[in-house]
Amino acid sequence: MLKQRAVYNEEHEMFRDAVRGFIKAEIAPHFARWEETGIVDRSYWAAGGAAGLLCPQIPEEYGGAGGSFKHNAVVVEEIGYAGYAGPMTDFSVHSDVCAGYILHAGSEAQKRKWLPRMVSGETVCAIAMTEPGTGSDLQGVKTRAVRDGDEYCITGAKTFISNGQHCDLVIVVARTSDVPGAKGISLILLETDRPGFRRGRKLHKLGHLSSDTSEMFFDEVRVPVTNLMGAEGTGFATLMTELPQERLIIGIQSMGAAQRAFDITCDYVRGRKAFGQPIADFQNTRYKLADLKADLLVGWAFVDQCLERHVRGELSALDASTAKLWCTEMHGRVVDQCLQFHGGYGFMREYEICRLYADARVQRIYGGTSEIMRELISRSL
Ligand SMILES: Cc1cc2nc3c(=O)[nH]c(=O)nc-3n(C[C@H](O)[C@H](O)[C@H](O)COP(=O)(O)OP(=O)(O)OC[C@H]3O[C@@H](n4cnc5c(N)ncnc54)[C@H](O)[C@@H]3O)c2cc1C
């Protein structure tokens with residue numbers, strides 16, 4: 001299902017083959033260890049950069065390959081389909097989320113400094129929106145960046161930050177004025193070697209075990225005012241512009257992972273017997289799998305359409321929210337039913353479906369919960 005879709009051309013398919021080669025060589029041999037240690041090796045980033053998998057959409061003038069967001073989608077589909085959700089999210093936050101902010105909202109100097117290093121993997125980037133006290137309601141962030149001459153002094157705490165241990169650069173969502181709500185919010189680049197920056201715990205999670213999701217603390221961290229992205233007070237507007245890309249890619253992540261769960265389950269039910277016949281032969285199995293297959297086909301058609309619109313610059317916030325809501329909810333239904341077909345083995349960690357089930361749960365939470373997607377969609381009614 002992943003190959004030969006109209007949204008991709010021959011060049012994308014060659015890139016897909018290269019991504020598959022990378023997964024085999026650079027993820028598969030290490031993945032079990034990464035899941036144990038709760039973090040990928042730093043060398044994974046350099047390998048991803050060398051193979052051209054990081055930020056493939058970045059133009060050549062900023063050190064990129066000059067691809068399109070379709071290349072980003074291929075990377076996510078393939079690592080997701082291979083069942084490696086942690087390493088997939090690590091790259092996706094860096095390439096599909098953070099790089100977009102710098103490319104679209106960064107100054108020329110910020111682009112020239114950071115994008116080539118993000119493409120090579122020398123710099124790992126994170127984005128810090130969520131705080132212990134606020135997630136869905138982004139206007140409620142309390143982290144403050146107070147202007148003092150040519151510097152901002154940043155104080156606050158963030159949590160659930162992907163790439164939290166490896167990151168060298170953080171896009172911080174902070175309040176730069178007392179103006180309440182959206183207008184007081186700015187985006188500021190923060191290098192993690194600055195005094196006052198501290199990484200907190202690597203958090204223990206249900207899934208994505210190899211992903212270094214962490215807390216972080218800013219204790220009067222001083223950064224030059226040139227680290228501000230865009231104008232002061234425009235941070236919230238930038239978030240609203242960039243979130244659709246993040247939501248689309250989360251929908252695409254869910255498609256790859258759900259397809260994987262479906263495919264391995266089709267194999268399982270053919271091999272497992274009960275009452276003298278393969279599980280696959282029960283009408284219940286066939287009909288339920290037929291429903292899941294229909295869901296998957298519809299999901300691919302919609303995300304492909306959204307991807308096409310996105311590279312043309314025509315993806316609406318409504319399309320993106322709909323893709324995220326529908327694909328991640330569908331992903332949840334697929335892994336649940338697929339685990340059920342595995343019976344007790346599905347509950348065992350040594351069976352892949354068990355991990356796919358756990359990894360799927362966060363898709364409905366990060367990047368905006370399903371409830372927030374419904375809220376956004378309902379505003380168009
Ligand atoms: C593995 C992982 C990785 C993450 N990575 C990052 C990252 O890199 N950077 C980052 O900034 N954040 C990250 N997050 C945070 C994530 O984006 C937030 O958890 C998410 O936005 C929800 O915020 P919250 O956890 O504060 O939940 P809350 O906002 O407290 O929501 C709790 C519940 O209330 C519901 N709710 C809230 N508001 C409404 C409403 N208006 N109407 C109806 N229901 C509502 C929500 O849907 C949810 O069910 C990550 C989270 C996880 C788990």
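Colleague: Is D168 buried, partly exposed or exposed?

Modeller: This is a predicted model, and in it D168 counts as partly exposed because its relative accessibility is 24%, between the 20% and 50% cut-offs.

Colleague: Which side chain does D168 meet in a salt bridge?

Modeller: That would be R42, at 3.0 Å from N to O. D168 sits in the loop between β3 (151-161) and β4 (169-175), while R42 belongs to helix α3 (residues 42-50), so the pair ties together parts that are 126 residues apart in sequence.

Colleague: And R42, buried or partly exposed?

Modeller: R42 is partly exposed, since its relative accessibility is 31%.

Colleague: How many salt bridges does the structure hold?

Modeller: There are 27 salt bridges in the structure. Another one of them joins the side chains of D304 and R5, at 2.7 Å from N to O. That pair links distant parts of the chain: D304 is in helix α8 (residues 283-311), R5 is in the segment before α1 (10-27), and their positions lie 299 residues apart in sequence.

Colleague: Why do D304 and R5 count as buried?

Modeller: D304 has 12% relative accessibility, so it counts as buried. R5 counts as buried because its value is 6%. The cut-off for buried is under 20%.

Colleague: Which residues are in a salt-bridge network with R5 and D304?

Modeller: The network also takes in E13, R16, R20, E77 and E78.

Colleague: Switching to the far end of the numbering. What does R355 pair with?

Modeller: R355 forms a salt bridge with E352, and their closest N and O atoms are 3.9 Å apart. Both are in helix α10 (residues 352-360), and because they are 3 residues apart, about one helical turn separates them. R355 is buried, with a relative accessible area of 18%.

Colleague: OK, cavities. How many of 30 Å³ or more are there?

Modeller: The structure has 2 of them. The largest cavity has a volume of about 100 Å³, and the second largest holds about 40 Å³ of space.

Colleague: What lines the largest cavity?

Modeller: Its lining has 13 residues, and A85, M88, A257, H331 and D359 lie nearest the centre. Elements giving two or more residues to that lining are α5, α7 (235-271), α9 (317-341) and α10. The largest share comes from α10, with 3 residues.

Colleague: How do the lining residues of the largest cavity divide by polarity?

Modeller: They divide into 6 nonpolar, 6 polar and 1 charged.

Colleague: Then the second largest cavity: which residues line it?

Modeller: The lining is L53, P56, N72, V75, V76, F91, S92, S95 and D96. Both α4 (69-81) and α5 supply at least two of these residues, and α5 gives the most, with 4. By type, the lining divides into 5 nonpolar, 3 polar and 1 charged.

Colleague: Where does S92 lie, helix-wise?

Modeller: S92 is in helix α5 (residues 85-105). S92 counts as buried because its relative accessibility is 2%.

Colleague: Which residues does S92 touch, leaving out those up to four places away in sequence?

Modeller: S92 touches V76, V97, I249 and Q253. One of those, V76, also lines the second largest cavity along with S92.

Colleague: Last one: how far apart are S92 and A182?

Modeller: They are 90 residues apart in sequence and 26 Å apart in space, C-alpha to C-alpha.

Methods. Residues numbered from 1 in each chain as written. Predicted model: local features only at pLDDT ≥ 70, side-chain atom pairs only at ≥ 80, totals over all residues. Heavy atoms only, no water. Buried < 20%, exposed > 50% of the residue type's maximum accessible area, 1.4 Å probe, protein only. Contact = heavy atoms within 4.5 Å. Salt bridge = Lys/Arg side-chain N within 4 Å of Asp/Glu carboxyl O. 1 Å grid on protein atoms, 1.4 Å probe; cavity = no way out; pocket = protein on both sides within 12 Å on 5 of 7 lines; lining within 4 Å. Points joined across faces, edges and corners; volume = space filled by probe spheres on them. Nonpolar A, V, L, I, M, F, W, Y, C, P; charged D, E, K, R; others polar.
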